[in-house]
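Student: I am new to this structure and would like a close look at one part of it. Could you take me through chain B slowly, explaining each term as it comes up?

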Amino acid sequence: MRKARGTAGGDPASGAPNGTVGRREAAIRLSQAALAGVAVAGGAAFFAGRVKAAASAPAIPDWRVPAAGPAARAYAARGDDAARNVRRVLAALGGMEAFVRRGDVVLVKPNVGWDRLPEQAANTDPKVVAELVRACRAAGAAKVVVADLSCNDPRRCFARSGIRAAAEEAGAEVLDGSQLRMVAAAIPGAADGLEVFEPLLRATRVVNVPVAKHHGLSRATLGMKNWFGVLGRGRNRLHQDIDRTVAELGAVFRPTLTVIDATRVLLGNGPQGGSLDDVRAVGAVCAGVDPVLCDAWGAAQLSLGPSELGFVGEAQRRGLGTADLAQVRELGRT
Amino acid sequence: MRWTRRIRILWQGTFLALSLWLLERLAAGDARAFRTGVLHEADPLSAASLALADGGFPVALLLAAALLLLTLVLGRFFCGWICPLGTLQQLSSWLLTPRTRRESLDVNRLRPWHAWKYALLAFLLAFALLGSTQAGLLDPLSLLARGLASGVWPAVLHRPPVPGGILAFALLLAVVLASRWVPRFFCRALCPLGALLGVLGRFALLRVTRGKPACTDCRLCTFACQGGDEPLGIHRPGECHVCLNCLDACPEHALRYGLVLAQPDRPARPDVGRRALVGGALLGLVGAPVVRASGGGREAAHPRLIRPPGAVAEEAFLDRCVKCMLCGAACPTGTIQPALAVAGLEGFWTPVVVPRRGGCEFACTRCGEACPTGAIRPLAAARKTGYDGAPPVRIGTAFVDRGRCLPWANQIACIVCEEMCPTDPKAITVARADERRPDGTAVRLQRPQVEPLRCVGCGICEHRCPVGEEAAIRVSSVGETRDPLNRMVLGS
């Protein structure tokens, strides 16, 4: 096929004598080999992916720690230092060691939904996220992943919220939406058929760390609503019956710990805010093993009673936890 | 291989790699402030078109003027040493050609159709003179950047589909593959930038000359000649890409590239008939008004002709845009796309915002930073969002389609658009209503409505609306900051 190029005396342009391979010929052969290799590998990957997709979607694991028996189901600490608040509530719960064993893969799931600065209180405070990462690392976690599927451009959200820098500095692997692979999962209820990001299924422990803020439809977005952030395309349909769907997600995703960040709370124009006039510096953090109780506490920081939130009532009816605020032990202000 | 050729290949490789890398970084959202468009800024064709169309003197023209001056000294070195599209063609011709050496000799002869590019240049400059910059259609830098930014990156990076991108990529592919049959066919026959440089290149001080006594007329010099400029015959410095392959190929070392002060004969004019030149120019002068009359955003605003934030008014925009799609590559959401029909015939391949694809990020200003010609002005984030106190930069206004909107039409709760709305206070507010579903159950609804004076037209509402293929809230261009006549609310 390529005989035509050869003439007596070889190819003077490439300086190759007869019988040897010229530079051009070598480049052609190499690129052909590379192309063939890529084609074979691509085909294999393609079919492997299809085989995997055909297998039934895995169920969402239950990440709760059965043996953990802190005296109270949730603790809250107040003070100007957010990291210190986190350390105090964790200590009251028996330390992160009570929840994370050596070798665990921990997913820390903050709310990084929006392209906003920490002062605007639309995302979880980066200091709270970083302190949780540090605690997990100190407890012996093999890997700590911080991930969320943002509503705005994911790269901007993770950069401007300060969460990428803070969590990476604390030793976490930070994955934004442009880096996350979506996989099928079995989610009973309205979210059936939606995909979740892959690190969620690989995690052996999950810490849910939302920020407490106003929401135009559900009135408040807290821990159970934060599970929207693990879901892929199609989650915008869940708003059509939000109290039911939030409670359903609360029944499907059972985190090891829920940590409500009320360092700053957003009282209006939620869930993304903007104006600093809508932000109130509360300086509090709550952590517990009862997601409904934590959400009830978070609502109280927004001056909302548990009965004012439809999804809290719905979750209680489903037996996911209690909204009895007396069960949160306040550790006081420092 | 002689050192001249080695160095040339090194230069070509460096500039190709650099331009591809910069484009890749731009698309990957690298936060470092690279001047991705620097090659485009030094493009004399863009600069000339802008100066003719806009009547202004773009700052970028300084870089372009420097390139022109260098061309007067060195010849068309840009084509042979720098232009990444030229390098790609040379690469494809080297890799793909099954030509025999006899065929190479034949194909590298100067042909009459090499003069097409001069007529094309006359046509494009005449078009620009009447206020419509079309140079970007065939400008090699724009052609390459557009083909990659809107054709390749969306496929590789799993971005939303770009219908205009496949055409841009097809043109790029055709240009590169044409070199299989005729080396650098695009450079020789079509490139308007090459033509502009060729007009000056024929006066170049440094050029290839032949030492007559040593030359045996073997014609080996034409085997690898890139420009098809006949180093052996009446050499055409205006066609020569200064690739210096001929020097390398000459077994007698009879050719040299150096200072020629005393011209032995007059510089060979470009082999273009006066008729072709005048014809090209006339075609441009007649064509520009005709194309303009075919419709677009110039005389009347078009609802879906939404330009990126910071874009200047439509008239000036069409003067300045060179259709390079760097803005689209820079856009993190993929909402900026090359227009097919929405901007009219003259706006083909100019960037438009397609909100259903992505929505414009509220505080993002990357498109304006990437634009090399000022068609999209750079904005500070505080200016764009209005956080500096002045009104924000609007690119349109959202309208609720009450016939499709779930709470309005179907008594189903939904507030996704309100939730997504980034302004403060929100431009989308909700009206509470207690209604009954068709089956009689009572529902409490929150029905979205848009406050037009707060809406910036970012389109994230349209992008995120859960109503299937066509959103129930859609942005149209009315209210855009750049056009004081495209308004609806009194006092805005």
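Tutor: Helices and strands are here DSSP runs, of H or I with at least four residues for helices and of E with at least two for strands, and they are numbered from the N terminus. With that in hand, Pro425(B) can be placed in the loop between α20 (416–420) and β6 (428–436) of chain B, and the peptide bond that leads to Pro425(B) from Asp424(B) is cis, with omega near 0°. The model is predicted, and local features need pLDDT of at least 70, side-chain atom pairs count only at pLDDT 80 or more, while totals for chains, interfaces and linings use all residues. Residues are numbered from 1 along each chain as its sequence is written, and chains are lettered from A and ligands numbered from 1 in the order in which they are written.

The helix before that loop, α20(B), also belongs to the side that touches chain A, where 32 residues of chain B are in contact with 28 residues of chain A (contact requires C-beta atoms, placed from the backbone, within 7 Å of each other). At least two residues of this side come from each of α6 (84–96) and α20 of chain B, and α20(B) gives the largest share, 4 residues.

Two other loops of chain B hold residues that have a positive phi although they are not glycines: Val242(B), at about 55°, and His253(B), at about 50°. Val242(B) sits in the loop between β1 (206–210) and α13 (245–249), whereas His253(B) is in the loop between α13 and β2 (255–259). For burial, the other C-beta atoms within 10 Å of a residue's own are counted, with positions placed from the backbone: 20 or more make it buried, 12 or fewer exposed, and anything in between partly exposed. Val242(B) is therefore buried, because 26 other C-beta atoms lie within 10 Å, while His253(B), with 11 such neighbours, counts as exposed.

Finally, consider helix α1 (residues 3–28) of chain B, whose 26 residues reach 37 Å from the first C-alpha to the last, close to the 38 Å expected at 1.5 Å a residue, where the expected span is 1.5 Å times one less than the number of residues. Its buried residues include Arg8(B), Gln12(B), Leu16(B), Ser19(B) and Leu23(B). An α-helix has 3.6 residues a turn, so residues three or four places apart point the same way. Among the elements that cover the buried residues of α1(B) are α6, α9 (140–156) and α17 (366–370) of chain B. After α1(B) comes Gly29(B), with a positive phi near 80°.

Methods. Contact = placed C-beta atoms within 7 Å.
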